[in-house]
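Q: Please take a close look at a single helix and what packs over it, and then at the contact between the two chains.

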Amino acid sequence: MKRFSGDISLVLGGAAGMGVQTVEALLVQVLKREGYNVFASKEYMSRIRGGSNSTEIRITDAKRAAFVKRIDFLFAMDKDVIPHLRDRIALDTIVLGELEKLRDVSEGCHIIDVPFTRFANELGNPIYTSTVAVGVALGLLHAEEKGLTEYLRDHFARKGEAVVAKNIEAGALGYAFGKHLAYAEGIEVIVAKRSAVAEELLLDGTEALGLGTLSAGCNYISSYPMSPGTGLLTFLAKHGNEFGVVVDQAEDEIAAINQGLGAWYAGARAIVTTSGGGFDLMTEGVSLAGIIETPIVVHIGQRPGPSTGLPTRTEQADLNLVLYAGHGEFPRAIFAPSTPEEAFLVAQQAFYIADKYQIPTFILTDQYFLDSVRSIPEDSLRTITRENFIIETAADYKRYAVTADGVSPRGIPGYGEGLVGIDSDEHDEEAHITESALMRVAMHEKRLRKMVGIRADALMPTERGDVKHAETLLVSWGSNRGVMEEALEVLNTPELAGLHFHQVYPLPVKAKKLFVKKKVIVLENNAGGQFANLLLLEYGIKVSDTVLQYDGNPFAVEDVVARLRALL
Amino acid sequence: MLDKKIYDMPKGTDMAWCPGCGNFPILNIVKMALAELDIRPQDAVLCSGIGQAAKTPHYLRVNYFNGLHGRALPPAIAIKIASPHLTVIAESGDGDTYGEGGNHFMHTIRRNPDITNIVHDNMIYGLTKGQASPTSEKGMKTPVQTAGVILEPFNPLAVALALDASFVARAFASDILESKDIVKAAMQHKGYAIVDIFQPCVVFNKQNTYQWFKEKCYYVDAEYDKTDKVQAFEKAFDMERLALGILYQDTSKPTYEDLVRTSQGPLAKQEVSREALEKLINSHR
């Protein structure tokens, strides 16, 4: 009897174009509707066809949001999957696939034959293999077959009755086979189902960010496609119409950010999305935003660099880039969400802070976060009430009036009797070019003064465990909240507590005291310990250790636990 | 008709242009065109990049976005989309528009937003003190092109025509009234309108002088068919005699803002439909 209880890692592997993503999407949906907690993350090669890609679906009693190396069930759709994932396949990993195809690479693997080709022949088309695989997985898990049938009916409805019927047949075939396998092989899977989970929202990072962007009143996006930032552009193109969102595919990233600034200048609410390489091109526009004091929100989906790097993989190495992007000195704010809830919130916060202080704000995500899917309760999505910061101008309006807090009331062209000018040169209050040293100092200090307010508005980090009494703090930012939380649970020691930052610059003054007399370990996906350095810069805190990873993959819970054990 | 004095800056405003610069008459031409079209300063936005021509917004009282070198067009497109009721003009030099901003120039034409693009074409870099510009003639010697320019000059009109610009014109700064009528027609044209306007640079370009332009230029006559693209190409490629006037116009093309907007009015007034958002969120169950 092979028993799996409370925490299942099911991995689907195959070449691009083999339908791995379809299986994942169907399986995750059906499992969630059945009331299972699910978390799915994927890794894939930068190619359209071929290669070897995989998706991990965790099915768990408690909510989990991290990648594990362990594989309980591996659906190997071709033989390349096994060498590709060799170091993760253990003796107790159950590999499901066609024995015929896997024989050459089967050494040291426990393979259970699933005759996908025979099923496809019976169904008359290999296209149904994906649905068969979903059925097999659900049969193995002893999920309700009714859920699968209902979902397939909904999902394929627009393709016509014949397609629906064929898929239901494929699902049933797979389901019966999976159930039979469980019986024949003595496999027992026990994971709690909860009716509340069945009602939850199922979102990936991109979708949560897109919904937050819409909630923020975004009505303009101009961007140039670049993985993994493109998803937001696609999301707004798909759903933006009924929200009146203008979607422009720019000729390059330079045009994108300059359009974004033009849109905000005229009163629109714009976002631009890109990845590190595209953002490099935008930096003169970021500097422009700094001097013209025009809001702009930039989403940067990180991937490993330098340059083209690993286009489809993950890293957190662009914090310094975003922190220092653009020549000259000017205020900015940087957000880095880890969960759909945080993405929904910080998207709105990024618009709010950009608008309130007339600065560039940044949402720093990564491939791992954007592509990961999980279920969350709907009421965990918090809406920030939108404030209107645009004024109707009077005839004597001055765009850059010097004020105590540094924020000059922002007018837009065509609304009021005043004229609205902005200039990339150093300028006077009316935005005309000046070379007066006195005016330069007044304007520069006015801009920099805004940092006081921006810092006061900074979001507090999330505490995990007994931060007050723990000797050591494990600090994470961006996409690593899930792995930080799970590592803490595994280690389960009062000497270690966690702190997660979803705003990474500026850091809130009030959080500094949480670090007093603590040993600090920072967990981040880069080689330089960029956030660790930022803690020194912002709080004067020297961290004791860093746990870093820069191989293009997200942290695995097992690795983090092992590395922390060595440090504690 | 408005009084063109409403676009004047206060007396004593320091101007960075050299005495005798071709930018002065162009400034006057734009003011006259705006006044004759009754466009209030509040309803016009002037976008510019960097260079001597790009300083125009500091000498013309309207709203303005004086942004980055080569980047006058992207904000101009966005402003027109966000606030279609505004008259949007992008005004910069040949280096700014055809060199640094070449990619934006090409793709703005493809979009056809309802903006007017006035390019002060002096065939030289003024602000950086006399290097070749994309439109400099072959053989012109400069501190950088010491043996003379070796590249083919950029042909803005032919490029615009090839990309199916909906309004293509050329003017000469000295001819105030003729140029004013061309700029006016460009502003009235619904779609992207380019006016490449010859502007002598009296300090750095000793080759293409007022006299040189006078001798080379002529106006297309009343019989000229501005819907004939082949003829327009012929004019654009004739480097011996330089044709002035509206060389091509197509009034049938839809504007970018009309195609890309799914709502009405200024984007500044747009509210989020909470109901639609709730529906979209719920579709993720």
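A: In this predicted model, the cover over the buried residues of H6(A) includes three helices of chain A: H1 (20-34), H5 (129-140) and H7 (161-185). The residues beneath that cover are Leu148(A), Tyr151(A) and Leu152(A), each of which is buried in H6(A). Viewed along the axis of H6(A), its buried residues fall within an arc of 100 degrees, so they line one face of the helix. The face turned away from this buried side bears Lys146(A) and Asp154(A), which are exposed. Helix H6 itself spans residues 145-156 of chain A, 12 residues in total. From its first C-alpha to its last, H6(A) reaches 17 Å, close to the 16 Å expected at 1.5 Å a residue.

Turning to the contact between the chains, chain A contributes 50 residues and chain B contributes 45 residues. On the side of chain B that touches chain A, two or more residues come from each of strand S2 (63-66), helix H2 (73-82), helix H4 (102-111) and helix H10 (274-282) of chain B. H2(B) supplies the largest share of that side, eight residues. By residue class, the side of chain B that touches chain A comprises 25 nonpolar, 15 polar and five charged residues.

Strand pairing also links the two chains: strand S19 of chain A, residues 421-423, is joined to S2(B) by three bridges, and the two strands run parallel. Within this pairing, Gly421(A) stands opposite Tyr64(B) of S2(B).

Notes: Residues numbered from 1 in each chain as written. Chains lettered and ligands numbered in written order. Predicted model: local features only at pLDDT ≥ 70, side-chain atom pairs only at ≥ 80, totals over all residues. Contact = placed C-beta atoms within 7 Å. Helix = DSSP H or I, 4+ residues; strand = E, 2+ residues; numbered from the N terminus. Nonpolar A, V, L, I, M, F, W, Y, C, P; charged D, E, K, R; others polar. Pairing = 2+ DSSP bridges. Expected span 1.5 Å × (residues − 1). Buried ≥ 20, exposed ≤ 12 C-beta atoms within 10 Å, placed from the backbone. Arc of directions from axis to C-beta.
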